[in-house]
Amino acid sequence: MKSKYGKITSQTIKELTAIVGKSGIITDKDAMVGYSHDESPITKPHAPQVVVKPGDSQTVAKLLVLANKKRIPVTPRGGGTGLSGGCLPLYGGIVLSLERINRILEIDKENFVAVVEPGVTLSQLYNETEQYGLYYPVYPAEMNATIGGNIATNAGGMNAVKYGVTRYNVMGLEAVLPNGEIIQTGGKFAKCSSGYDLTQLIIGSEGTLAVVTKVILKLTTKPAKRQLLFAPFTELQKAIDAVPDILKLEMTPTGIEFMDKSVIDIVEKYIDREVPYHQYAAFLMVIMDGESDDEIHEYFSKVEDICKQHGAIEAMVPNSERAKRRLLEARERIYPSIKKCAPMEALDVVVPRSEIAKFVRKVKEISQRHEVPVVICGHAGDGNVHLNPIGVDMDEKEWEKRLPKLMKDIYRVGTSLGGAVSGEHGIGLHKKAYFRQETDEALLKTMREIKKAFDPNNILNPGKIFDF
Ligand SMILES: Cc1cc2nc3c(=O)[nH]c(=O)nc-3n(C[C@H](O)[C@H](O)[C@H](O)COP(=O)(O)OP(=O)(O)OC[C@H]3O[C@@H](n4cnc5c(N)ncnc54)[C@H](O)[C@@H]3O)c2cc1C
C-alpha cells in the first residue's frame, strides 16, 4: 500500500514552498511532532514528512494539484482534538493544517448565518456570535476544535437533543477537491431541492473526499436562560426509562445526559470534590434553555414528577450559578479524568434511545467476561453511549491484547441492537476494523465508489474510515 505513493524529495519541498511561502511550511522533525497525534488515548504517533499551512482556498487548490500529480498523501488537520486518529498521516506525506484559514468572514444578522473559514475554533465562534446576541448551538465540549474538524467528523455533543448535531446546522460549504477544483455547495437559504446534496455528503466524510475551506453556518438567538436538573437513581434502567416521558413534554430540552456511578467515582478524584448524591448507581442531567426562570421552573417541575415516577431519589435544580457550573464541570471533565487515571479508549457507540439500558447491561457483562473495566456515560437524549474501557490492574501487553477483543464484542452488541459504531467522533483510523466488521458489504462498496469518484488516486486522508 505504502509503495504506491510518491516520495517527497527536496524538489517537492521547493515546489511546496513556492506555493505556501517559507512561513507556511514545516520540515523540521521536532517542529512536526505536534502534528503527529490527536487527542485519542490510543493514538501512536504518525509523523508527516512535511506540514503545510496555506492561508486561503486557492493555495489549498494548488497544493492538491501538486500532491495529486506526484501521488503524495495529504491529511487535512484542524485543531487535532479528534478522538479517532482521523488527522494522523498514516502514510506520511503532507499534513495540510487549516490553522491559518481562520477568519470569521461574516455574521449575517438578517439571515441568522455565520460565514466562517475552517480553522475558526469553537471558542472563537461562540465569542464572536455572542456579541450579536446570536448563538451557534452545537456544543461538542472541546473549545479548541475547529469548525472544519467539527464538519469532517459531524460532531455532536451535549446540546444535540434540541439543536441537532453539526450536519443540521450547516447550510453550505466551499470545498477543494483532490484534483484542485473548488466547489460551492448550498447557500444562505433554508431549503434546496437542486441536485445531489454534496454539503451533507462532505459533512462526516473525515477529510477523505474534499478539504473544507469555507462554511455557512446556521445561527439562532442566544437563549436568555440555561438551567439543569440533576437526578440520582438506584438503577440505570430507571433513569433511562424516564427519558421518553421527558421527551414527550411539549418543550424540548437542550440535552439529556446520563452518568453511571463508575464515571462519577473517577471524576470526583480528578476535580477533588464530591458530586451530590454520589452514592447512587446512575444519574440523569436534563439541560434546558428558556426565555425566563419561570418558564424553566415550570418545565422542571414536570421533569421532576417524571423522574420521581421512575424512581429518582431526588430531582435537584442547583440554587446558584456556582453550583450549576460545578455540576456541568463534573460532566465536562469526564474524559480528562478517565484519561488521567489509567490507559483507556473512548468509544462512542450510538443505539436507539430505548436500547441504552439494555446495551449498557450487556456491555457490563462483556466487561466482566474480558476482565476489563468499562466506565460509562453518554447522551441519553440521543442514544449516544460513551464507553471508556480502562486498563487498570494489567500491564501494557495484556491491555493491548484484551482491548480489541472487548471492542469487537461491544460493537457487535451495539449494532445488533440497531445501533452504529460511531455517533459523533467518526471512524478515523482506530475504528476502521470494527466499522468494516459491522457494515454491510454493499454499503461499503457504495462508499468506496463515492471515494473513487472524488479521489481516484486516493491521496486525501488515505487509510481512514475504510481501506480503498
Ligand atoms: C476533551 C474532549 C471532549 C470532546 N467532546 C466531544 C463531544 O462531546 N462531542 C463530539 O462530537 N466530539 C467531541 N470531541 C472530539 C473532537 O473535539 C471533535 O472530533 C472535533 O470535531 C475535532 O475537531 P478538530 O478541529 O480538532 O479536528 P482534527 O482532530 O484536526 O481532525 C478531525 C478530522 O477532521 C478532518 N478535517 C479537519 N479539518 C478539515 C477540513 N477543513 N476539511 C476536511 N477535513 C478536515 C481531519 O482530516 C480528521 O479526519 C472531544 C474531544 C476532546 C479532546
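## A four-stranded sheet

In this predicted model, strand S2 (residues 50-52) runs parallel to strand S4 (residues 94-97), and three bridges join the pair. One residue of S2, Val 50, has Ile 94 of S4 as its bridge partner. Helix H1 (residues 10-20) packs on the sheet, where H1 touches S1 and S2. The direction of H1 makes an angle of about 15° with that of S2.

The sheet to which S2 and S4 belong is open and has four strands, in the order S1-S2-S4-S3, with mixed pairing. Strand S1 (25-26) and strand S3 (74-77) stand at the edges; each has a single partner strand, and therefore one side of each lacks a neighbour in the sheet.

## The surroundings of the ligand

Strand S3 also takes part in the shell around the ligand, as one of the elements that give two or more residues to that shell. The others are helix H5 (147-153) and strand S10 (211-218). H5 provides the largest share, with five residues.

In total, 38 residues surround the ligand. The closest are five glycines: Gly 78, Gly 82, Gly 86, Gly 148 and Gly 149. By character, the shell is made up of 18 polar, 13 nonpolar and seven charged residues.

## A helix with buried residues

Helix H8 comprises residues 236-248. Its buried residues are Leu 236, Lys 238, Ala 239, Ile 240, Ala 242, Val 243 and Ile 246. A general property of helices is useful when reading such a list: an α-helix has 3.6 residues a turn, so residues three or four places apart point the same way.

Both strands and helices help to cover the buried residues of H8. Among the strands are S12 (225-233), S13 (255-260) and S14 (282-290). The helices include H10 (293-309) and H13 (356-370).

## The protein as a whole

The secondary structure of the protein consists of 16 helices and 17 strands. Along the principal axes, the C-alpha atoms fill a box of roughly 70 × 60 × 45 Å. The radius of gyration is 23 Å, which agrees with the value near 23 Å for a compact globule, because that is what 468 residues would give.

Two further figures describe the interior and the contacts of the chain. Of the 468 residues, 48% are buried. Among contacts with a separation of 6 or more, 73% are between residues 24 or more positions apart.

Key
Residues are numbered from 1 along each chain as its sequence is written. This is a predicted model: local features need pLDDT of at least 70, side-chain atom pairs count only at pLDDT 80 or more; totals for chains, interfaces and linings use all residues. Two strands pair if DSSP finds at least two bridges between them. Two residues are in contact if their C-beta atoms, placed from the backbone, lie within 7 Å. Axes are lines fitted to C-alpha atoms, for helices over the stretch in contact, and angles run from 0 to 180 degrees between N-to-C directions. The radius of gyration is taken over C-alpha atoms; the globule rule is 2.2 Å times the number of residues to the power 0.38. A residue is buried if 20 or more other C-beta atoms lie within 10 Å of its own, exposed if 12 or fewer, and partly exposed in between; C-beta atoms are placed from the backbone. A residue is near a molecule or strand if its C-beta atom, placed from the backbone, lies within 6 Å of it. Ala, Val, Leu, Ile, Met, Phe, Trp, Tyr, Cys and Pro count as nonpolar, Asp, Glu, Lys and Arg as charged, and the others, Gly among them, as polar.
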